[in-house]
Amino acid sequence: MTACRYLLLLFLGTIKGMTSSPAMSAAGALATDHPLVDGRTADSPLITAYRGGKPSRRPVWFMRQAGRSLPEYLKVREGIAMLDSCLRPELASEITLQPVRRHDVDAGIFFSDIVIPLKLAGVGVDIVPGVGPVLDRPVRTAADVAALPQLTWEALEPIRQAVRLTVAELGRTPLIGFAGAPFTLAAYMVEGKPSRDHLGPRTMMHADPETWRALANWAADASGMFLQAQLEAGASAGQLFDSWAGSLGLADYTQFVAPASTRALDHVRHLGAPLIHFGTGTSELLVAMRDVGVDVVGVDYRLPLDEANRRLGGSVPLQGNIDPALLSAPWEILEAHVRAVIAAGAAAPGHVLNLGHGVPPETDPAVLTRVVELIHSISPE
Ligand code: CP3
């Protein structure tokens, strides 16, 4: 990003921060008792690595570390629908903390879902077990998009409450906030359910680009506000998940998607927390994904980190990319793979260990704990 553009964004962000949130400090940045500001997390291994510094130990966390691989999760979720569990602050906080207690990972990832901003805006959406997000009515026409309700700042209160409860327990361990990127969110909205090829949104961006842009901007603002609520309430970093961006070619990504992802992150840049961008099947998109303006790029399991770093010109720290499939392989094979990921990551200006996608529900949690121990046992030099 050019210095000029950065300063402009900073300026706009500062104005926005000052107008949108009275509890902010004068600069419009994070509050003085925020964990990233008051000394709790700024020097943590995770934040240090995200900022390209030398961490005291190798940081590791796992996408989907909270969830069905943990018996304690299945127990507290019994009889409670997925999205309801996200909107009960005590429960969402407890579920976020479970994997941190169990595995000694270097971060909590806030327990919620990318469709929560839709739900809080008043869009009819549910998560059907074993299927994923399903909408009451798909969003396919200009009139459908115009009829979408606006997410309000007040509606995000359960999110802020859950984050506050969580960071009070986490102490010096940073909480990572997240949001779905506009393409992934809009893909669910247009299809009305999970799909493999995302034909609906890919057709719409060419056949009706105006409607696509309006929808992508709606999703950008909803996701941006969701992430802003988490960061302001205490999260120390933010990850944008564009899980399905890999179904796009570079030209479509750059023209129809990247501007909306930039817009989503424009809601939070002024806060100064490290921002991570992750998608799957995105080997050809890594540079464009960095260029929406993030500090760290998450790499899926398909591309070795030294090659990802080469493609990015050594410009940013990387996060990834243990193959989730190997979590079920014999330990010797998994250990060799983790060591190979660490060796490949050494090329980058910083490396946070993670999976190349989420923890599969059938994973033995003891294996995750052992992977964390292995990573922490290897000196960060
Ligand atoms: O530990 C964590 O990573 C934090 C929580 C988290 C969840 N969803 C909880 C969840 C995060 C970061 C997400 C993001 C999310 N949700 C993404 C992006 C990340 C990715 O996996 O690519 C996407 C695409 C979704 C949409 C979604 N929500 C899907 C596809 C599913 C799976 C449906 C199923 O049952 O297989 C969900 C449900 C969901 N979100 C679960 C969890 C723990 C499983 C629900 C359950 O336990 O019943």
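**Exercise 1. Find which polar side-chain atom lies 3.1 Å from an oxygen atom of the ligand, and list further polar contacts of the ligand.**

Step 1. A polar side-chain atom of Arg68 is 3.1 Å from a ligand oxygen, which makes a polar contact (a pair of N or O atoms within 3.5 Å; within protein, one must be able to donate a hydrogen and the other to accept it, and residues adjacent in sequence count only if both atoms are side-chain atoms).

Step 2. The side chain of His357 has an N or O atom 2.7 Å from an oxygen atom of the ligand. For Ala66 a polar backbone atom is involved, at 3.0 Å from a ligand oxygen.

Step 3. The ligand taken alone exposes 870 Å², and the protein buries 91% of that; areas come from the Shrake-Rupley method with a 1.4 Å probe, and for residues only the protein chains shown count as cover.

The model is predicted: local features need pLDDT of at least 70 and side-chain atom pairs pLDDT 80 or more, while totals for chains, interfaces and linings use all residues. Residues are numbered from 1 along each chain as its sequence is written, and side-chain values use heavy atoms, without hydrogens and water.

**Exercise 2. Describe the shell around the ligand.**

Step 1. There are 25 residues around the ligand, counted as near if a heavy atom lies within 4 Å of it. Arg64, Tyr73, Asp113, Ser243 and His357 come nearest.

Step 2. By class the shell has 15 nonpolar, six polar and four charged residues. Here Ala, Val, Leu, Ile, Met, Phe, Trp, Tyr, Cys and Pro are nonpolar, Asp, Glu, Lys and Arg are charged, and the others, Gly among them, are polar.

Step 3. Helix H3 (71–77) and strand E3 (132–135) each supply at least two shell residues; helices (H or I, at least four residues) and strands (E, at least two) are DSSP runs, numbered from the N terminus.

Step 4. Arg64 is in the loop between helix H2 (45–50) and H3. Arg64 has a positive phi of about 60° although it is not a glycine.

**Exercise 3. State where the ligand sits and what lines that place.**

Step 1. The ligand sits in the largest pocket, as more than half of its atoms lie within 2 Å of the grid points. On a 1 Å grid over the protein atoms alone, a pocket is an open set with protein on both sides within 12 Å along at least five of seven lines, whereas a cavity is a set of points where a 1.4 Å probe fits but cannot get out; lining residues have an atom within 4 Å of a point.

Step 2. The largest pocket has a volume of about 1,200 Å³, the space filled by probe spheres set on points joined across faces, edges and corners.

Step 3. Its lining has 36 residues, with Arg64, Arg68, Met82, Asp113 and Ile127 nearest the centre. E2 gives the most to this lining, with three residues.
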